[in-house]
Amino acid sequence: MPSYEDFQELKANCTAFWVTIDGVNACKFVSNVNGKEVLFPAHGRMGSGGLDNDNLQGWYWSTYYGGESSARGLITDSTLTNAVTGHSRSLGCLIRPVRDP
């Protein structure tokens, strides 16, 4: 799982594009350093009422733990603001697996 610092680095060193692949919206980050790409599908998050913002936003956890009620992660959407911010731990955010090269 990416660290909070990984998401900050992604936002600082990549160009983001909103793309649609087989009907699924996603944020594609392309490295400004080496041209490699990573895709974050917009599969929303789970809230108290069920699935929110499916195909509109992607909410992803990082390894950052901010105590019993908060954590940090990445939020993507078509505005490409790509916030690296805190979330309530009660939200059902996605996990984007990563591996070291």
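Contact here means heavy atoms within 4.5 Å. The structure is a predicted model.

**Exercise 1. Find which residues valine 84 touches, leaving out those up to four places away in sequence, and place valine 84 in a core.**

Step 1. Apply the contact cut-off. Valine 84 touches Tyr4, Phe7, Gln8, Lys11, Gly73 and Leu74.

Step 2. Look for the core. Valine 84 belongs to the largest nonpolar core, which has eleven residues. Tyr4, Phe7 and Leu74 are also among its members.

Step 3. Ask which elements supply this core. Helix H1 (4–13), strand S1 (14–21) and strand S2 (24–31) each give two or more residues. H1 gives the most, with three.

Step 4. Check for another core. A second, separate one has six residues, including Trp61, Ile75, Leu91 and Cys93.

**Exercise 2. Classify the aromatic pair of phenylalanine 29 and phenylalanine 40, and say what the pair ties together.**

Step 1. Recall the description. A pair of aromatic rings is described by the distance of the centres and the angle of the planes.

Step 2. Take the distance. The centres lie 5.6 Å apart, and the cut-off for a pair is 6.5 Å.

Step 3. Take the angle. The planes stand at 85 degrees. Angles over 60 degrees count as edge-to-face, so this pair is edge-to-face.

Step 4. Locate the rings. Phenylalanine 29 lies in strand S2 and phenylalanine 40 in strand S3 (residues 37–41), so the pair ties together parts eleven residues apart in sequence. Both residues are buried.

Step 5. Widen the view. Phe7, Phe29, Phe40 and Tyr60 form one aromatic cluster. Arginine 96 lies over the face of phenylalanine 40, 5.5 Å from the ring centre.

**Exercise 3. List the salt bridges and decide whether each partner is buried, partly exposed or exposed.**

Step 1. Count them. There are two salt bridges.

Step 2. Take glutamate 37 and lysine 28. Their closest N and O atoms are 4.0 Å apart. Glutamate 37 has 54% relative accessibility, so it counts as exposed. Lysine 28 has 23% and is partly exposed.

Step 3. Take aspartate 52 and arginine 45. The N to O distance is 3.7 Å. Aspartate 52 is partly exposed at 25%. Arginine 45 is at 18%, so it counts as buried; the cut-off is under 20%.

**Exercise 4. Describe how strands S4 and S5 pair.**

Step 1. Set the direction. S4 (residues 43–47) and S5 (residues 50–54) run antiparallel.

Step 2. Count the links. Four bridges join the strands. Histidine 43 has aspartate 54 as its bridge partner in S5.

Step 3. Name the motif. S4 and S5 form a hairpin with two residues between them.

Technical notes
Residues numbered from 1 in each chain as written. Predicted model: local features only at pLDDT ≥ 70, side-chain atom pairs only at ≥ 80, totals over all residues. Heavy atoms only, no water. Pairing = 2+ DSSP bridges. Salt bridge = Lys/Arg side-chain N within 4 Å of Asp/Glu carboxyl O. Buried < 20%, exposed > 50% of the residue type's maximum accessible area, 1.4 Å probe, protein only. Core = buried A, V, L, I, M, F, W, Y, C linked by side-chain atoms within 4.5 Å. Phe/Tyr/Trp six-rings, centres within 6.5 Å; stacked < 30°, edge-to-face > 60°. Lys NZ or Arg CZ within 6 Å of the ring centre and 35° of its normal.
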